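Please find below my notes on the model, arranged as numbered points. They begin with a single side chain and then move out to the chain as a whole.

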Amino acid sequence: TTFEPDETFVVNLTTPINATIADGQGVGTILDARGISLSGVPDWVEEGPGPISGWPVFAAGAIEAIVADPSDPDRIFVGTVNGGIWRTANATDSTPIWIPLTDQFVSLSIGDIDFSPLDTASNTIFAGIGRFSAGYQWGGPQTGLLKSTDGGSTWVELGLTVFDGLNVRSVVPTAITTEAGQVILVASSGGVFRSADGGETWTKLSGSPGTNLPDGAASHLVADPGDPMRSYVAMPSQGVFRSEDGGISWEQINGAGITMITGSLPASRIELAVHDRNGQNVVYAAVLQNGVPPLGGFTQRLVGLFRSTDQGTTWRLVKNQPQVPYNGQGHVHFSMVADPMEANVLFIKGDVDPGYRVQMDDAEPALDSWMPIMGVDGTAPHVDSRDMVFDAQGNLLEADDGGVYRLINPNDPLTRRW
């Protein structure tokens with residue numbers, strides 16, 4: 001491009017240019033939009049992001065949430081603690097390539113991510129913004145939700161005003177539609193919210209008349225894969241609630257008797273998981289509290305893992321529980337997932353503990369077992385777990401403060417490895 005002497009021009013720094021002065025008096029000074037001289041600025045060489053060596057395993061940044069394509073083991077999206085959303089299309093490769101998708105947005109603090117079940121190609125994705133850093137929960141502005149309909153190539157913001165200042169812990173795009181659009185449920189630090197038009201408008205359910213949901217923070221919300229109308233939400237101060245009508249109304253389901261969840265309340269955090277296969281529907285509730293011994297430092301640990309085979313009407317306490325999370329960092333470092341094939345198996349992990357494959361025996365609860373999930377070859381993931389899901393091949397994906405790890409053959413102690 002040729003410019004006349006003393007001519008002012010604007011440079012798009014995303015496009016290489018060669019600027020010269022028309023009368024041959026030399027190269028003019030190039031300024032950016034703020035008037036800062038760019039002359040002499042060296043070329044930049046990309047240095048990352050990438051794994052860090054020197055740890056017992058390779059480590060990257062903290063990952064808060066994972067969603068795995070149910071039909072393609074190579075396609076995974078992750079939501080990072082303070083680095084936005086990333087996608088890989090070759091996850092089973094020895095060196096997967098990850099692409100950042102949301103660097104253009106004001107907040108890179110991701111609390112949850114999920115596919116829409118209405119999109120069989122898994123190109124419609126919802127993500128929630130939330131601050132869940134282990135460093136005092138620092139992060140970007142809490143700006144609500146992000147939505148993509150093209151596999152993450154482009155995104156739109158939703159709920160900017162409604163969720164302003166709130167941490168989104170769970171976003172659940174349901175299989176339910178209304179005349180206005182898709183029903184979306186959200187659990188946040190400000191309570192439970194519902195949209196009946198794909199996220200354009202929102203209604204707060206917590207504390208609203210007729211919903212039976214008390215006001216207050218919600219720590220987790222999950223859909224029941226066995227019934228699109230059924231969802232469960234955890235409210236640490238009140239326990240677990242179930243909806244059978246797509247989130248319009250809710251019922252408290254803490255159970256009764258000596259094994260009811262109420263005996264472990266108020267909690268600091270409750271996590272949920274659901275298994276549904278071959279007519280077996282199982283719900284799990286992990287209740288964490290502060291001040292759980294040993295005292296000193298962090299003290300948020302699991303005080304009870306509860307299991308229900310009747311959608312939360314009754315519960316039983318899973319026996320033989322070890323100290324989880326071992327170092328008491330349950331406020332951010334805790335995850336669990338129900339095995340999609342085995343009705344009596346759950347995977348659970350905390351901070352520095354190895355993580356466990358929990359196998360339950362309802363006929364003889366004393367036989368409940370917690371088997372560490374170290375690899376047969378001694379492999380293990382980074383510490384400080386945040387999320388777990390299964391991929392399309394039945395392998396376990398685990399997100400933690402060191403990145404994403406895969407456990408191959410998770411149910412076979414003789415062959416499994418990280």
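**Notes on the predicted model**

1. The backbone oxygen of G330 lies 2.7 Å from a polar atom of the R269 side chain, a polar contact in the sense of a pair of N or O atoms within 3.5 Å, where within protein one atom must be able to donate a hydrogen and the other to accept it, and where residues adjacent in sequence count only if both atoms are side-chain atoms. R269 sits in strand β19 (residues 269–277), strands (E, at least two residues) and helices (H or I, at least four) being DSSP runs numbered from the N terminus. R269 counts as buried because its relative accessibility is 4%, the classes being buried under 20% relative accessible area, exposed over 50% and partly exposed in between, with a 1.4 Å probe and protein chains only. Beyond its neighbours within four places in sequence, R269 has contacts (heavy atoms within 4.5 Å) that include R169, S219, P236, Q300, G330 and H331.

2. On provenance, this is a predicted model, in which local features need pLDDT of at least 70 and side-chain atom pairs count only at pLDDT 80 or more, while totals for chains, interfaces and linings use all residues. Residues are numbered from 1 along each chain as its sequence is written, and side-chain values use heavy atoms, with hydrogens and water left out.

3. For the chain as a whole, the secondary structure comes to 0 helices and 29 strands. Buried residues make up 49% of the 418 residues, and, among contacts between residues at least 6 apart in sequence, 48% join residues at least 24 apart.

4. Strand β28 (residues 396–400) contains E398, and 5 of the 5 residues of β28 are buried, so this strand is largely enclosed by the rest of the structure. In a regular strand the side chains alternate between the two faces of the sheet. In β28, L396, E398 and D400 point one way and L397 and A399 the other, and all are buried.

5. β28 has partners in both β27 and β29, where strands pair if DSSP finds at least two bridges between them. Strand β27 (residues 385–390) is joined to β28 by 5 bridges in the antiparallel sense, with F390 opposite L396, and the two form a hairpin with 5 residues between them, in whose turn G394 has a positive phi of about 85°. β28 and β29 (residues 403–407) also pair in the antiparallel sense over 5 bridges, with L397 opposite R406, and here the hairpin passes through 2 residues.

6. E398 deserves a separate look. What charged partner does E398 have, given that it is buried? E398 has no salt bridge, and the nearest side chain of opposite charge, K349, is 4.5 Å away; a salt bridge requires a side-chain nitrogen of Lys or Arg within 4 Å of a carboxyl oxygen of Asp or Glu, and Lys and Arg count as positive and Asp and Glu as negative, with His and the chain ends not counted. The E398 side chain does make a polar contact of 2.8 Å with the side chain of S385, and the contacts of E398 outside its sequence neighbourhood of four places include I66, K349, P381 and W418.

7. The largest nonpolar core has 19 residues, and L305, L346 and V358 have the most contacts inside it; such a core is a set of buried Ala, Val, Leu, Ile, Met, Phe, Trp, Tyr and Cys residues joined through side-chain atoms within 4.5 Å. Two or more residues each come from β20 (280–289), β21 (301–308), β23 (335–338), β24 (345–349) and β25 (356–359), and the largest share, 4 residues, comes from β20. Apart from this core lies another, of 16 residues, among them I261, A267, V287 and W315.

8. Q359 is found in strand β25 and counts as partly exposed because its relative accessibility is 36%. The side chains of Q359 and R357 are joined by a polar contact of 2.8 Å. Q359 and S369 are 10 residues apart in sequence and 5.3 Å apart in space, C-alpha to C-alpha.

9. Finally, 4 strands form an open antiparallel sheet in the order β15-β16-β17-β18, and its edge strands, β15 (220–223) and β18 (251–252), each pair on one side only. Strand β17 (residues 239–243) is joined to β18 by 2 bridges, and F241 has Q252 of β18 as its bridge partner.
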